[in-house]
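User: I would like a close look at a single part of this structure, the surroundings of the ligand. Please explain it in one connected answer that a first-year student can follow.

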Amino acid sequence: MDKLLWVLLPIALAGAAVGVLAWRGRLPPRPVLNVWFSLLLLLYVLITAGLGIFWVANQHLPVFDWHYVFGYALLLLLLVHLGFNLRRVMFHLRPKPTAATPAAAATGRRPLLGAFGVLGLGVAAGLGYFIGLRHGRTELRIEAGVGSGVGDRGATALAVVEQFHDFSAHTRSGVLRRAPGADWGAPPPPFKPPGVGPRLALPAARKLQAATAAGIVDAAALAEMLWHTAGVSARSGGIHFRTSPSSGALFATELYVLTLDIPGVAAGLWHYDVPGHALQQLAAAPADGSLPGAGALPPGSLALVVATAIFRRSGHKYRDRTYRYVLGDLGHALENLRVVALQAGARATLLQAFDEARVATALGLEEQEEGVLAMMLLQGRGAALLPPLPALANTPWQPPLMGGAQGATSEARSGTTLGITDAIHRASSLRAAALPPAGHTPPGPWPGPASTPSSWQRLPPADSRIIDPLALIASRRSVRRYSREPLALADLAAVLATMARPGPLLSNALRVDVLALQVAGLGVGAWRYHAAAHALEPRAQAVADPRRSARAAGLDQDVIGDAAAVFVLAIDRAAFAADPAGAARGYRHAFIESGLVGERVYLEAGARGLGVCAVGAFYDDEAAALTGNDPAREWVVHFAALGVIG
Ligand SMILES: Cc1cc2nc3c(=O)[nH]c(=O)nc-3n(C[C@H](O)[C@H](O)[C@H](O)COP(=O)(O)O)c2cc1C
């Protein structure tokens, strides 16, 4: 709002000056006023165009704010300009009486022209009203399958997933068919305000030293992990860029830590204050050494990192697609955490089952605004593994009742304004009647045969060049400008191999396709990567001009249209539906997995001097067509562009 006020200030001053002059009887003649306002209009046109060109060149999608605010001001000035000039324009357009078209005939045509004009205005207004009306409605209703049994709840939760995924898909006709289901309001601040609890300043980020490499996970090592997950690594254009990428640079992720055995940090529950690079204590450590809602942690646990998302940070831009983006962002961040934990001599395991509502209460969060999405347990290397997650049906873990006992819409039930974001968060949440041990059933390996049929393209053996992951993360940036130089097949092969290492962490539903657009020694088109065989299987060629189709499917973003290769990550519907923590939770796990794998693209490509950009904005149906995916079996969830830096 304050932006709007600043941008409108010169117009308001000009209006006030005209008012004062009129009041003093010194109002300049109309042509002079016309020139003044035309000059002002020109200035706004130049600034609006300049901002647009700057941001397009700078390739930062998130910061179009000033651009669109200037757009509104421009509209206002255009109206003033039209007010001054409409009469003149109409005069020029009006048919002039000539010998062949007597005045009477011209006058006779005027009502017809007027009727067309009124009709056109009516159609435009009607269309605008129709679209606007659709935009004002919440349409996701979760009525079917509500019951108290685990099966009923699971079926309802899966129904929410199906509806959410469909509802949050981008399609060219979507704007006419769908209405965003939430009132997102103004964007919240990028960082949480500092709390009142004791603060612990963390050591400045540094390279992990011998002590931590020897397996002592102390305050300095924890500081490294947190900074490389969510820390500020650059500032530009008023944005605090972070060590992990984030859709729209909106950084919805927040980190909390339950410290249990970290020398230099008192046992307790802490919030990571990103701009201050400090821990802010929320509470002392619970007496039983765990977090309510997280289940019993095994002996030897060092710390538990809880990751949440403040939905509105992303939602004010991404609306009903928000949940997809916050999960993708989180996956990227958690991969950095895992990699740095490994460097520090710790083992990092993602928990599959926890009770979001209880954890949110323990952290003092307002769950509708800030959802608990993931937890990573840090253990010493020799510590006991988490016990396996028992099958959902045999445990008290279950999805919460959707839509309340009566099956009302989730929005009506909770009174939230976040619509389907709230619905999908609840559907993919778990509730525990009593707390079983925190569960973990490692997902199976990547599917696919180890042998290579003759039609497949074998890939060259690939060694990772990630020697110093901390330095890579610290200097990581999304790159959107690529040269036309072809990508070496060895580089593509290495990135693919790294994507598949160390195997699925939360979900085995992820599938990796590559759209090769300019890779030396690899045919242009779509390929499926088979990790066990380290080979590419050609996919049915669904589109005629892959580069053009890719750019179009990627919402016409140059970053896709100019890339040498585009990774198209999809999730197998049957595989995520079979997740041991339930189908809806499986959907969340699969999305996070896509982010984990997406971050590995940044790291391996970064180590090879290549450019990468994650891309979550695409037309879902066109994305599926690019690789010949059948949406009945797989859903495309993520793109990553790769190319030689231009
Ligand atoms: C899940 C996800 C989706 C993204 N989608 C897009 C996208 O559609 N287009 C784009 O240009 N960048 C996209 N990005 C990249 C972000 O814009 C970028 O990470 C952010 O501006 C911060 O810049 P940095 O990565 O250089 O730190 C995405 C990033 C993530 C993690």
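**The shell around the ligand**

Analyst: By class, the shell around the ligand in this predicted model has 11 nonpolar, nine polar and three charged residues. In total, 23 residues surround the ligand, and the closest of them are Pro245, Gly328, Ser478, Gly616 and Ala617. Two elements give two or more residues each to this shell, namely H10 and strand S17, which covers residues 610–615. The largest share comes from H10, which supplies four residues, and so it is worth following this helix further.

Helix H10 spans residues 322–343 and packs against helix H19, residues 583–607, at an angle of about 50 degrees, with the two axes 7 Å apart. Because oblique is the class for angles that are neither roughly parallel, roughly perpendicular nor roughly antiparallel, H10 is described as oblique to H19. The crossing in which H10 passes H19 is right-handed. On the H10 side, the residues that make the contact include Leu327, Gly328, Leu330 and Leu334, while on the H19 side they include Phe591, Ile592, Gly595 and Leu596. Sorted by class, the residues of this contact are six nonpolar, seven polar and seven charged. Gly328 therefore appears twice in this account, since Gly328 is among the residues closest to the ligand and is also one of the H10 residues in the contact with H19.

Terms used. Residues numbered from 1 in each chain as written. Predicted model: local features only at pLDDT ≥ 70, side-chain atom pairs only at ≥ 80, totals over all residues. Axes fitted to C-alpha atoms, helices over the stretch in contact; angles between N-to-C directions. Parallel < 35°, antiparallel > 145°, perpendicular 65-115°, else oblique. Left-handed = near helix turned anticlockwise from the far one by under 90°. Contact = placed C-beta atoms within 7 Å. Nonpolar A, V, L, I, M, F, W, Y, C, P; charged D, E, K, R; others polar. Near = placed C-beta within 6 Å.
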